[in-house]
Amino acid sequence: MAVPLLDHALRVLHLEDSPLDHELTLAHLRRGGLEVQALRIDSEPGFLAALEQDWDVVLSDFNLPGFSGLVALDLLKASGRDIPFILVSGEIGEDTAVAAMRNGASDYLLKNNLARLVPALMHAVEATETRHARERADRELGKSKQRLRELAQHLQTSIEQERAAIAREIHDDVGGSLTALKFDLAWIARHTTDDGVRLRVNSALETVTLAIESSKRIMHNLRPAILEQGLVAALQWIASRFEKRTGIPCELRLPGQTPPWPAGVPLVAYRTAQEALTNITKHARATRVQIDLSLAGGVMSLEISDNGRGLSQQDLAKARSFGIRGLHERAGTVGGWVDLSSGPAGTTLILSVPLNPSLETAPMPVASIHEPDDPSQWGTL
C-alpha cells in the first residue's frame, strides 16, 4: 500500500480520552505501513496548546469529557491552521457526520470499522499537501507576475525617457542647425543677383522647410509636447491630425471638466489612442472613428471605436502581435487595463484607469519642448 509522500514521520494529533482506543488507532496506522509520531490529548486547553505545533493530521473522537470533535473542528478553523481533520467515533449519526464534513472535516469513520482509516488519512494528507503546493505555486506565480509588471513599467519609463532625450536632441541640435541653414539660404537669396542661384536657393529653402516639418513630426511621435497642454488638448490634436492624414471623420467626445491626472496617465492615454488610430489606419478600412473620454465612479475611460472590418481570432492570436500586448503592459504601469472587442461591425478598444490618489505609479518623464507653429521661428527657442 502506498504511503503519503512526506519527508518525515506522520505527525498525528489525536483527540481521544481512551488510551486503549488511542493505541488501537496507532496499531491500525502502523499496520498500514505508516511511520507515526502521535500525541494524545483529551481537553480543550490541551488541544489549543497542541495547535502551536506542526501536525500533518488531526484525528478526533466525537465525544470527549466536556469537549467534542465539532468544537475542536471550530477551534482548528479559528486558528487559521490548514490541517486535515478526521472524525473517528463510536457513535455519530449520519446527519452529524455530513454537517461536520460541510463544516470542513476531511472525513469521518466509526471506531468499529477502522479498515478505511489509513486510506482516508492518506487521502486527506495528500489532498492538503496538494492544496498547499498549489497555493505556493500561486504565490510564486503572483510574485513572478509582479516582477514582470515592474519590469514592464521600468522598460516603459526607460523608453519614454529615451524618447524624450532624442526629441530634445532633435529640437536643440537638428532643429537649430536646420534653422541656421535656412537663415543662411535666405541671406544668399536676398544678396544674389544670379537668377540661377536664386532658383537653386529657393529649392534648397523648400527642402530645408520640409526637413524642419519632418523633424517636428518625428518629435511629436517621440514625445508629444502637446501633452504639456493637457490630455484633452492632446486628444484634440491627435484626432485632428488623424482626420487630416486619412480623410476619415473622427468624432471626439470629451467631458466638460477633467481632474488633475495621476502621474503617467495622460501619456498612457495618448499612446493608447495613438496605437489604436495607427492600427485603424493600417488595417481597419473604416469610414468613421469615434474617441470618447469619460469619468465615472473614479475611473477614467478612453474608448476608441471604428466601423471597420474588425479583427479575427487569427489576428488576435498572432505570435508576434505585440501592439495589443504592449497596450496591456502600458496600461498596467498606471494600474489600468485594456478591453478589446471586435466584430463585423467594427472594433472598440477601451482603456480604463482608476484615478486613486494613493495609486503608486512611476512618473513618466515630460520633455520640456515648446515648438512654435511657424517652423521659421524654430531657431529662436
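A residue counts as buried under 20% relative accessible area, as exposed over 50%, and as partly exposed in between. With a relative accessible area of 44%, R253 therefore belongs among the partly exposed residues, and it offers a convenient place to enter this structure, which is a predicted model.

The side chain of R253 meets that of D292 in a salt bridge, with 2.5 Å from N to O. This pair links distant parts of the chain, since R253 sits in strand β8 and D292 in strand β9, 39 residues apart. The two partners are not covered to an equal degree, because D292 has a relative accessible area of 11% and is buried, whereas R253, at 44%, is partly exposed.

The two strands that carry this pair are also joined to each other through their backbones. Strand β8, residues 250-253, and strand β9, residues 289-296, run parallel and are connected by four bridges, and one of the matched positions is L252, whose bridge partner in β9 is I291. Together with helix α8, which spans residues 265-284, β8 and β9 make up a β-α-β unit that is left-handed.

On from β9 the chain reaches strand β10, residues 299-306, and here the pairing is antiparallel, with eight bridges between β9 and β10. Within this pairing V289 stands opposite D306 of β10. The hairpin formed by β9 and β10 has two residues between its strands, and in this hairpin G297 adopts a positive phi near 60 degrees. As a general matter, the strands of a sheet pair through backbone hydrogen bonds, and the pairing can be either parallel or antiparallel.

A further sheet is found earlier in the chain. Five strands form an open sheet here, in the order β2-β1-β3-β6-β7, with parallel pairing. Its edge strands are β2, residues 36-41, and β7, residues 107-110, each of which pairs on one side only. Ignoring direction, neighbouring strands of this sheet are turned against each other by 20 degrees on average. At the β7 edge, four bridges join β7 to strand β6, residues 85-89, the two running parallel, and in this pairing I86 stands opposite D107 of β7.

After strand β6 comes a loop that leads to helix α4, residues 94-102, and G90 is found in this loop. G90 counts as exposed because its relative accessibility is 54%. The C-alpha atom of G90 is separated by 7.9 Å from that of F62, although the two residues are 28 residues apart along the chain.

The loop between β7 and α5 brings the reader back to salt bridges, of which the count comes to 10. K111 forms one of them with D21, the closest N and O atoms being 2.9 Å apart. Here again distant parts of the chain are linked, as K111 lies in the loop between β7 and α5 while D21 lies in helix α1, residues 19-31, the two being 90 residues apart. K111 has a relative accessible area of 21% and is therefore partly exposed, and D21, at 23% relative accessibility, also counts as partly exposed. Through salt bridges that share partners, E16, D21, D61 and K111 are joined into one network.

Beyond that loop the chain enters helix α5, residues 117-191, in which I159 lies. I159 belongs to a nonpolar surface patch of about 360 Å², made together with L148, L151 and L155. With 39% relative accessibility, I159 counts as partly exposed.

Helix α6, residues 195-222, holds a salt bridge of another kind of spacing, because D195 and R198 are three residues apart in this helix and so are separated by about one helical turn. Their side chains meet at 3.2 Å, N to O. D195 counts as exposed because its relative accessibility is 60%, while R198, at 28%, counts as partly exposed. Helix α6 is also the place of L222, which counts as buried because its relative accessibility is 17%. The C-alpha atoms of L222 and I166 are separated by 7.6 Å, with their positions 56 residues apart along the chain.

Terms used: Residues are numbered from 1 along each chain as its sequence is written. This is a predicted model: local features need pLDDT of at least 70, side-chain atom pairs count only at pLDDT 80 or more; totals for chains, interfaces and linings use all residues. Side-chain values use heavy atoms; hydrogens and water are left out. Two strands pair if DSSP finds at least two bridges between them. A crossover is right-handed if, with the strands pointing away from the viewer, the path from the first strand over the helix to the second runs clockwise. Patches are made of residues with over 30% relative accessible area and no salt bridge: like charges are joined within 9 Å, nonpolar side chains (Val, Leu, Ile, Met, Phe, Trp, Tyr) within 5 Å. Accessible areas come from the Shrake-Rupley method with a 1.4 Å probe; for residues, only the protein chains shown count as cover. A salt bridge is a side-chain nitrogen of Lys or Arg within 4 Å of a carboxyl oxygen of Asp or Glu. Buried means under 20% relative accessible area, exposed over 50%, partly exposed in between (1.4 Å probe, protein chains only). Axes are lines fitted to C-alpha atoms, for helices over the stretch in contact, and angles run from 0 to 180 degrees between N-to-C directions.
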